[in-house]
Amino acid sequence: MSKEIFKDLHLLMETHVNKVQEDIGALNTKISALEDKIDSTITDFRLQIMEEIEDKLEIVKEIEDKLEVMEETVEEELSHLAWSMNSSSSSLASINTHLSHLEQRIVDDSTGDPDNCSLLVDKVSEVMNDPRFTNELHTENDSRPASTCLDEEEVRELKQAVASLRESPVFLPRDCSDHHWQHPEAPTGVFQTFPTMDPKAARDSWCDMGTNSSKTSGGWTLILRRRNTTWGLVDFNRTWAEYRRGFGTPGEGEWWFGLGALHALTYRQPYEVRFLMHDMERGYFEAKYSNFRVEDESSNFRLITEGFSGNVSVDPFLTHHHGRPFSTWDRDNDEWIAGSCSASNGGGWWYSRCHRTALTAVFPTSPNRDFRSIRWLDKGWLILDDVAMMIRPSGYARRFEPQS
Ligand SMILES: [Ca+2]
């Protein structure tokens, strides 16, 4: 009997032990699942922290980049300032020397000799017309006795002119109208201009100085010249960067002034534009717009042309080019979705879909008026073998009208 009880007891215990072992097994599985979960949570957390650190590092890098750009700008500004100061100092030294001589002449010239007098007046004119002169003129000695050559009134005028010279900044001609205003008698040709007012960014410009008989006909800066000659052929199928910078050599055949310089000139004051064109068979045509502006590069050098006049019957800019951004074969901003107007015309322009005038296209090889060449829509297409596009400040000619 006791043996049976013992056997039952043994069985019971065995069952119990098995149950406990199963529980332990289940517990172990739970524990390891829990461990896995903790591990993955820690990993996720670590990844998240690392991502956040990377984000922060990127922000720091951006700030560093911005600081670097700012530093460069400040350095550039400082170097401009230094250049200006040097330039002013040398002008100052030069003008003081001239003025000292002049003053000496005024004091010494008590004989009233007419030859000496005209020499002196010439010298004064020379000093006054020198555009380099700036400030800090030597004007003490106000009690100096008036000479017999220059009367008191003339001496007073001279002093006033000298004082106004003191106020004037270093003269940098921005375009051909500045040169023309200074020297209306100068002949048409190449002049150094500073469209951006940066003394280090001089550029040669072809200036149409008009005719001697009419001062109002001059002061034009030629921004595009096309001539179908064997000696002047320049490739106009250029990149965005080249159209921005300009290409060709003013005065030598053909050239494009550059969108950057056009913007620099035309956003500071209103400009007018004029087109002179020669049709292969029909002769000369002219068109003018009283308002011409090229916006900045962030607007893709968008064009403003308003106030049309001329001996062509159609205003092609109004419907197809006014308000349009510039396009080149590598920067397509036109309205032709399936293709590139610039690529199919072979030159950059303010295309829409596509054009009523394209003055940077290839030259016509025959009088075929449907060929995509340099052309302007009048009554049918004009096909052009000679084009000049020029600008000057709006109403420039009115400056020469007598003051009432
Ligand atoms: Ca297109």
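Leu318 sits in helix 7, which covers residues 316-320. In this predicted model, is Leu318 buried, exposed or partly exposed? Leu318 counts as partly exposed because 14 C-beta neighbours lie inside 10 Å, while a residue needs 20 or more to be buried and 12 or fewer to be exposed. For a sense of its surroundings, take Ile304: this residue and Leu318 are 14 residues apart in sequence, and their C-alpha atoms are 9.4 Å apart in space.

Now over to helix 6, where the picture is mostly one of cover: seven of the eight residues in this helix are buried. They are Leu259, Ala261, Leu262, His263, Ala264, Leu265 and Thr266. What do these buried residues pack against? Their partners are strand 2, strand 3, helix 5, strand 6 and strand 7.

That brings us to the largest nonpolar core, which has 49 residues. Helix 6 (259-266) is among the elements that each supply at least two of them, and so are helix 5 (240-245), strand 2, strand 3, strand 5 (255-256), strand 6 (271-279), strand 7 (283-294) and strand 11 (380-393). Which of the elements gives the most to this core? That's strand 11, with eight residues.

Within the core, Ile223, Val387 and Met389 touch the most other members. Ile223 is a handy place to stop and look around: setting aside neighbours within four places in sequence, Ile223 is in contact with Phe257, Leu262, Met389, Met390 and Ile391. Leu262, you'll recall, is one of the buried residues of helix 6.

From here, follow the strand pairing. Strand 3 takes in residues 220-227 and pairs with strand 2 in the antiparallel sense, over two bridges. One place to find this pairing is Asp208, whose bridge partner in strand 3 is Trp220. Strand 2 (residues 203-208) also runs antiparallel to strand 1 (residues 189-193), and five bridges join them. Here you can look at Thr193, which has Arg203 as its bridge partner in strand 2.

Finally, a word on confidence. The protein chain averages a pLDDT of 81, with 77% of the residues scoring at least 70. Over residues 106-124, though, the pLDDT is below 50, and this stretch has 19 contacts in the model beyond near neighbours in sequence. Residues 130-148 also stay under 50 in pLDDT, and for them the model has 40 contacts beyond four places in sequence.

Conventions:
Residues are numbered from 1 along each chain as its sequence is written. This is a predicted model: local features need pLDDT of at least 70, side-chain atom pairs count only at pLDDT 80 or more; totals for chains, interfaces and linings use all residues. Two strands pair if DSSP finds at least two bridges between them. Helices (H or I, at least four residues) and strands (E, at least two) are DSSP runs, numbered from the N terminus. pLDDT is the predictor's confidence in each residue, from 0 to 100. Two residues are in contact if their C-beta atoms, placed from the backbone, lie within 7 Å. A nonpolar core is a set of buried Ala, Val, Leu, Ile, Met, Phe, Trp, Tyr and Cys residues joined through C-beta atoms within 7 Å.
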